[in-house]
Number of protein chains: 2
Amino acid sequence: MRKLNKQSIEHMALGAAFLGTGGGGDPYIGKLMALQAVEKYGSVDLISVDELPDDALVVPTAMMGAPTVLIEKIANGGEFKRAFDSMERYLGKKIYATMPIEAGGVNSMIPLAVAAQMRIPVVDADGMGRAFPELQMVTYHLHGITSAPMIITDEKGNVSILETINNKWSENIARAITVAQGGAVMIGIYPMTGKQVKMCSIKNIMSYSENIGKVIRESSKFEVPLIDQLIEKINGYELFRGKIVDILRETKAGFNFGTINLDGIENYKNKSCEVNFQNENLIVKRSGKVIATTPDLISLVDLDNISPITTDALKYGRRVVVIGLKCNEMWRTDKGIETVGPRYFNYDIDYIPIEERIKEV
Amino acid sequence: MRKLNKQSIEHMALGAAFLGTGGGGDPYIGKLMALQAVEKYGSVDLISVDELPDDALVVPTAMMGAPTVLIEKIANGGEFKRAFDSMERYLGKKIYATMPIEAGGVNSMIPLAVAAQMRIPVVDADGMGRAFPELQMVTYHLHGITSAPMIITDEKGNVSILETINNKWSENIARAITVAQGGAVMIGIYPMTGKQVKMCSIKNIMSYSENIGKVIRESSKFEVPLIDQLIEKINGYELFRGKIVDILRETKAGFNFGTINLDGIENYKNKSCEVNFQNENLIVKRSGKVIATTPDLISLVDLDNISPITTDALKYGRRVVVIGLKCNEMWRTDKGIETVGPRYFNYDIDYIPIEERIKEV
């Protein structure tokens with residue numbers, strides 16, 4: 001267990017935005033939310049999965065909705081307490097700790113704000129090790145954990161409690177509610193025991209985010225170019241360097257869909273690159289050839305300051321590096337690929353691990 | 001209190017479809033649902049509002065959704081028990097009785113099916129005295145009763161519990177869930193005490209429906225033309241007789257919207273008539289002049305057998321009579337008009353009581 005200081009939280013938000021692969025919210029907003037809550041209610045303890053009692057009730061928390069809406073609809077804090085009170089009343093049990101469901105600039109920070117306000121610790125783990133657009137896309141789901149009961153609440157005070165027959169129905173119903181409530185809501189979902197969290201979560205992800213954030217912030221002290229330091233540190237793959245020349249974007253059914261087109265620079269001159277996203281970056285093609293796909297991580301960072309770029313902050317003319325990263329092994333199982341592979345997102349592409357695709361190029 | 005026999009139920013379904021003013025579901029389907037439940041679980045007691053203990057918990061039940069979908073998605077009965085069990089568990093209290101929220105071919109029958117299965121009585125009252133398309137359009141709402149907690153369930157087994165800040169938010173969120181779950185769901189809503197039911201419901205509406213159904217079925221025994229008997233019996237107004245020459249229809253956001261055009265026959269030769277609906281008939285114009293509006297009742301019946309015609313069963317060429325009827329006085333208050341008057345439905349028309357509009361023509 002350790003108390004998180006301001007700098008840890010800032011690094012965490014930044015690193016989580018990198019792991020958010022375009023989604024999971026803006027790290028600046030996420031950081032502000034967490035820091036404000038800490039200022040108001042006191043500091044937050046980060047505990048490792050091993051420190052959780054087996055019978056502890058853990059409730060992951062997040063914002064749900066299109067990232068572009070998240071920016072306009074910042075939580076006022078009332079949601080956190082309402083969601084937790086509703087869940088505790090409904091289950092008739094005290095909540096021991098919270099944790100993220102995904103890594104992201106906002107969604108790694110929400111549990112910190114919740115924890116500060118509720119005076120409980122945050123578990124150093126999540127359910128994706130990255131970000132994905134739908135609720136059933138978590139390692140909890142791969143291990144048969146049910147998302148229900150799920151609590152949904154908005155800034156106005158409306159609360160919905162879902163008891164669904166499976167996790168995809170939670171996604172469908174919750175998405176409809178999210179759209180009806182303005183496009184972004186606060187959720188408490190996948191209530192688990194400490195034992196279940198130990199079995200099925202992606203461990204130490206908050207600390208890992210913090211480390212990535214630290215590399216990003218501190219790399220300017222060294223001689224090696226920033227971007228190379230980052231890629232080496234995370235065992236990543238440089239997939240492309242280029243300038244954004246086109247962005248197609250559509251907010252539909254509560255998601256941000258889109259395509260980014262890049263023209264190559266430096267070693268990639270005369271080459272092009274296309275990235276497809278649904279909240280998160282899903283597919284990268286270099287000069288027409290697929291070089292990385294979901295569930296492996298695809299992140300865009302600014303070439304100059306290596307800050308991660310979320311899909312809602314894409315801007316014409318920006319010079320970026322596309323970085324690939326192996327996903328957690330749980331996503332490479334049959335059930336993992338079925339849940340978050342390219343075909344789930346309607347791409348007629350087989351999943352081939354990024355390290356193999358890269359060899360072929 | 002009286003036990004309802006098969007004939008009472010049949011008459012009730014038919015009369016309720018008339019009061020349903022185009023909505024509330026097909027009386028044939030409604031009748032079958034109720035009769036099947038009675039056959040399987042035993043007969044149902046109808047109790048008057050006065051027989052309710054003041055502290056009894058009463059939970060109105062209904063199907064929610066576009067009537068055209070209702071026909072394809074008939075309840076299998078599992079919904080009724082699930083909704084009731086969820087409500088009782090959530091409130092921690094036994095449900096004493098159920099009742100309809102609106103009059104309609106299906107929605108007056110659902111409470112009978114629920115009551116048969118749950119072995120509880122049905123209260124002879126509802127919240128509209130007719131049918132309306134949205135959840136806040138009930139006399140309960142006019143008296144400040146909250147729709148929450150509201151239970152929504154589908155034939156698959158999904159359950160949502162809504163705790164909203166007001167009744168219009170219940171409508172918005174429940175409508176989104178209804179669409180996500182295929183367009184028709186079963187609901188339990190506006191849980192009330194016996195005392196509240198006495199204060200704010202429309203009384204004896206089930207018996208009134210039964211009487212109307214009886215007139216429709218038995219009027220052939222008499223000499224006077226069927227339609228005149230019906231109109232006299234209910235103190236209604238004949239607004240038009242004509243042939244359906246055009247039907248514009250659209251299912252949108254969980255509702256059926258549309259316009260019916262009629263060419264006059266008999267005394268109405270060379271006149272035209274237009275009826276606008278949103279699930280229910282809302283506005284009637286005769287040769288361009290408004291002659292009746294919501295919240296007064298506007299029902300179409302078949303000229304030959306005086307069967308009520310729901311908006312999902314409209315057919316080109318059918319010869320119909322348009323009948324108007326005064327609504328309950330509760331709807332004629334300021335809050336009533338604000339909730340269900342023409343302007344709520346985006347018509348730039350003042351509400352003028354039907355008896356005054358008719359005088360002017």
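**Notes on the two-chain model**

1. Start with a loop: B:Asn346 sits between helix 11 (334-340) and helix 12 (354-360) of chain B. Its phi is near 70°, a positive value in a residue other than glycine. B:Asn346 is also exposed, as 8 other C-beta atoms lie within 10 Å. Bear in mind while looking at this loop, and at everything below, that the model is predicted.

2. Chain A has an asparagine to look at as well. A:Asn270 falls in the loop that runs between strand 13 (255-264) and strand 14 (272-278) of chain A. Here phi is near 70°, again positive in a residue that isn't glycine. With 7 other C-beta atoms within 10 Å, A:Asn270 counts as exposed, because the cut-off for that label is 12 or fewer.

3. Now the prolines in chain B. The peptide bond joining B:Ala148 and B:Pro149 is cis, with omega about -10°. You'll find B:Pro149 in the loop between helix 6 (139-142) and strand 7 (150-153) of chain B. Another cis bond runs from B:Thr294 to B:Pro295, and its omega is near 10°. B:Pro295 belongs to the loop between strand 16 (289-293) and strand 17 (297-302) of chain B.

4. On to chain A as a whole. Its secondary structure adds up to 12 helices and 18 strands. Along the principal axes, the C-alpha atoms fill a box of roughly 60 × 45 × 35 Å. The radius of gyration of chain A is 19 Å, which agrees with the value near 21 Å that a compact globule of 361 residues would have. Of those 361 residues, 58% are buried. Among contacts in chain A with a separation of 6 or more, 74% link residues 24 or more positions apart.

5. Helix 7 of chain A (residues 167-180) deserves a closer look. Its 14 residues reach 20 Å from the first C-alpha to the last, close to the 20 Å expected at 1.5 Å a residue. The helix is mostly covered, with 12 of the 14 residues buried. The buried ones include A:Trp169, A:Ile173, A:Ile177 and A:Val179, and also A:Glu171 and A:Arg175. After the helix comes A:Gly182, where phi is positive, near 105°.

6. How many residues does each chain bring to the contact? Chain A and chain B put in 18 residues each. On the chain B side, strand 8 (159-163) and helix 7 (167-180) each supply at least two residues. Helix 7 of chain B gives the most, with seven residues. By type, the chain B side splits into 10 nonpolar, six polar and two charged residues.

7. The strands meet across the interface too. Strand 8 (residues 159-163) of chain A pairs with strand 8 of chain B in the antiparallel sense, over five bridges. To trace the pairing on screen, go to A:Glu163, whose bridge partner in strand 8 of chain B is B:Val159.

8. Finally, the symmetry. Which rotation puts chain B on chain A? A turn of 180° with 0.0 Å of shift along its axis does it, at an RMSD of 0.0 Å. The two copies are therefore related as by a two-fold rotation axis. And 100% of the interface residues of chain B are also interface residues in chain A, so the copies meet through the same surface.

How values were computed
Residues are numbered from 1 along each chain as its sequence is written. Chains are lettered from A and ligands numbered from 1 in the order in which they are written. This is a predicted model: local features need pLDDT of at least 70, side-chain atom pairs count only at pLDDT 80 or more; totals for chains, interfaces and linings use all residues. Two residues are in contact if their C-beta atoms, placed from the backbone, lie within 7 Å. Helices (H or I, at least four residues) and strands (E, at least two) are DSSP runs, numbered from the N terminus. Ala, Val, Leu, Ile, Met, Phe, Trp, Tyr, Cys and Pro count as nonpolar, Asp, Glu, Lys and Arg as charged, and the others, Gly among them, as polar. Two strands pair if DSSP finds at least two bridges between them. Copies are superposed by least squares on the C-alpha atoms of residues with pLDDT of at least 70 in both. The radius of gyration is taken over C-alpha atoms; the globule rule is 2.2 Å times the number of residues to the power 0.38. A residue is buried if 20 or more other C-beta atoms lie within 10 Å of its own, exposed if 12 or fewer, and partly exposed in between; C-beta atoms are placed from the backbone. The expected span of a helix is 1.5 Å times one less than its number of residues.
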